[in-house]
Amino acid sequence: MTDQKSIVLVTVDCLRADHAGFMGYERSTTPFLDSLTGESLVFPAAIVAGAPTYYSLPAMMASRYPLALGRDVLGLAPDEPTLASVLKRAGYATACFGAGNPYLSARFGYDQGFDTFQDFLDDDSLPIPTETGSVSSDGWATHLNRRIQAVRPALGPLGVVYDELYFHYCQKVTPAANSLDALRRFPTADVIVDHACTWIKSVGDGPFFLWLHLMDPHSPYYPKEEALALMGHGPLTPSRARYLNSYWNRSDIGPSRLGSHRDDIVALYDAGIRWVDLQMARLIGTLRDWKRWDHCVFALTADHGEEFLDHGGRYHPPSRLMDELIHVPLLLRVPGTAKKQLSKSPFSMVDLAPTLLDAVRLPVPSDFQGRSLWQEVQQGAHSDRIAVSESVAGCTNPFHVENRIGPRVLTVREARFKLALHFDPGGEEFYDLESDPGEQAPLAPDAHKPERRRLLEIAREHLRYSSGGHQETRLRARLRDIRLEWSRSFPQSSDKQASGSHPQST
Ligand SMILES: [Zn+2]
């Protein structure tokens, strides 16, 4: 058995920080993970470098800001150094099992560095995701609705009545489903953990890197029935679950009416987290049984959070980078490191890969934009840090290039203050998170001027330097994209992810 530590990284799609038990949530969503906190570091303010998935993962996997290669480039560039490629070069066996998120596919370079890469995007037993995340129908009712929507402005107040009738009509004509399992769009955590456990048992004695990306809390919210029961939820029929998801997806009503089902939706979302927690117990049980746990770094985090009308929004569109979207849980267990109380200073996810490499005593590539905080973190001294997050406003379907070249949104967050910049129209909000943790009331323009100036200066530096030195990497990514676009224009194209319908902003 080697002394070199293995690494298990689990990213849970849409898991916001304040819904994890170990982050203080009042519901018991994560009892197993909570039990690990006695031997783990829990980061009070882990902040993603962008949201949603496609603006978050470049920072986690390649320690690179999401827009550093230009706003038109998505994913990882060919041969860009990543956590996986560094570990593979160091002799690690590497595997990724991802629960069908199309933005974490080989198409976007996420297979780099993995001996085994399974993204579950070929699973024909799962319903095809739609762009809206809603229950979809391509039947005549949808076509009729499109035609009526085209003339809707002329309907005046009648349009509202029509929307209401159409919503209830769709509930009636949609075919019945027998179970929540039949409605679900993604493989659940038990399926992913089954594959992971089989792989762990096959991998021999050497060090390994295992990355799991789980989708259980992602919309549409169809949790496992067992998870609902564990959360004390009463029986839920498939038709009721579908009704709730369709209602939550309505674009014709505002937050006040949507709010009538907010708690129902949150209960479904929480059950998704509970299922992840149960499967983490199984995964770590296998690591213990196979005598790998004592030499295993375990990190669990999220690619971004989820909105439940906190600022009037739902799901996770990258329009405003409020904390419900960019603040994620981060639980890090490194054998031999005692639990420490960490400061509320932010830990940027651009620093995660270098910190993990440092924790297993491997050198950090010079291309990484983040740096290791391992020395500070293990002494509990990590403080006065800044986290920059950035996205393209309104980019909810990045399969279309024109969708990803909109204006940038950028936040600079420290322990107390947060600056949010919107580049079109030029807007600037400044929050005091101590007195206003929910970011409900931006400070007046003349309040805390020195702090505002300091964060503006950091934003300016970020814009100046974040893309520096990455021009050649950018061109590699552009060449990859052009090659794929070229192959798509011929019938023999096999790039199935680039055609058809896709889930919105996963
Ligand atoms: Zn995501």
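Start with the second largest pocket of this predicted model, which has a volume of about 530 Å³. To find its middle, select Asp323, His327, Arg413, Leu433 and Pro437, which lie nearest the centre of the pocket among the 21 residues that line it. If you then colour the whole lining by residue class, you should find 8 nonpolar, 3 polar and 10 charged residues.

**The four-stranded sheet**

Arg413, one of the residues nearest the centre of that pocket, also belongs to strand E14, which covers residues 408-413, and so the next stop is the sheet that holds this strand. Show strands E13, E14, E15 and E16, which form an open sheet in that order with antiparallel pairing. Strands in a sheet are held as partners through hydrogen bonds of the backbone, in either a parallel or an antiparallel sense. Which strands stand at the edges? They are E13 (387-392) and E16 (426-432), and because each has a single partner strand, one side of each is left without a neighbour in the sheet. From one strand to the next, the twist averages 10 degrees.

Now look at the middle of the order, where E14 is joined to the antiparallel strand E15 (residues 417-423) by 5 bridges. Select Thr411 and you will find Ala420 of E15 standing opposite. Follow the chain onward to the loop between E15 and E16, where Pro425 lies, and notice that the peptide bond leading from Asp424 to Pro425 is cis, with omega near -5 degrees. Before leaving, display helix H15 (residues 449-465), which lies across E13, E14, E15 and E16 and runs at about 50 degrees to E15.

**The seven-stranded sheet**

Move next to the open sheet of 7 strands, whose order is E2-E11-E7-E1-E6-E4-E5 and whose pairing is mixed. At its edges are E2 (41-42) and E5 (116-118), each of which pairs on one side only. Within this sheet, select E1 (residues 6-12) together with E6 (residues 208-214), which pair in the parallel sense over 6 bridges; here Ile7 stands opposite Phe209 in E6. Continuing past E6 towards helix H8 (225-230), you reach the loop that contains Pro220, where the peptide bond from Ser219 to Pro220 is cis, with omega near -10 degrees.

**Two packed helices**

Two packed helices can be described by the angle between their axes and by how far apart those axes are. Select helix H7 (residues 189-202) and helix H11 (residues 262-289), which pack at an angle of about 10 degrees with their axes 9 Å apart. An angle under 35 degrees counts as roughly parallel, and therefore H7 is roughly parallel to H11. Show the side chains where they meet: from H7 these include Val193, Cys197 and Ile200, and from H11 they include Trp275, Met280 and Leu283. Taken by class, the residues of this contact divide into 10 nonpolar, 2 polar and 4 charged.

**A last stop in a loop**

Finish with Arg361, which is found in the loop between helix H13 (352-359) and helix H14 (374-378). What is the phi of this residue? The angle is near 60 degrees, a positive value in a residue other than glycine.

Technical notes: Residues are numbered from 1 along each chain as its sequence is written. This is a predicted model: local features need pLDDT of at least 70, side-chain atom pairs count only at pLDDT 80 or more; totals for chains, interfaces and linings use all residues. Side-chain values use heavy atoms; hydrogens and water are left out. On a 1 Å grid over the protein atoms alone, a cavity is a set of points where a 1.4 Å probe fits but cannot get out, and a pocket is an open set with protein on both sides within 12 Å along at least five of seven lines; lining residues have an atom within 4 Å of a point. Grid points are joined across faces, edges and corners, and a volume is the space filled by probe spheres set on the points. Ala, Val, Leu, Ile, Met, Phe, Trp, Tyr, Cys and Pro count as nonpolar, Asp, Glu, Lys and Arg as charged, and the others, Gly among them, as polar. Two strands pair if DSSP finds at least two bridges between them. Helices (H or I, at least four residues) and strands (E, at least two) are DSSP runs, numbered from the N terminus. Axes are lines fitted to C-alpha atoms, for helices over the stretch in contact, and angles run from 0 to 180 degrees between N-to-C directions. Contact means heavy atoms within 4.5 Å. Angles under 35 degrees count as roughly parallel, over 145 as roughly antiparallel, 65 to 115 as roughly perpendicular and the rest as oblique.
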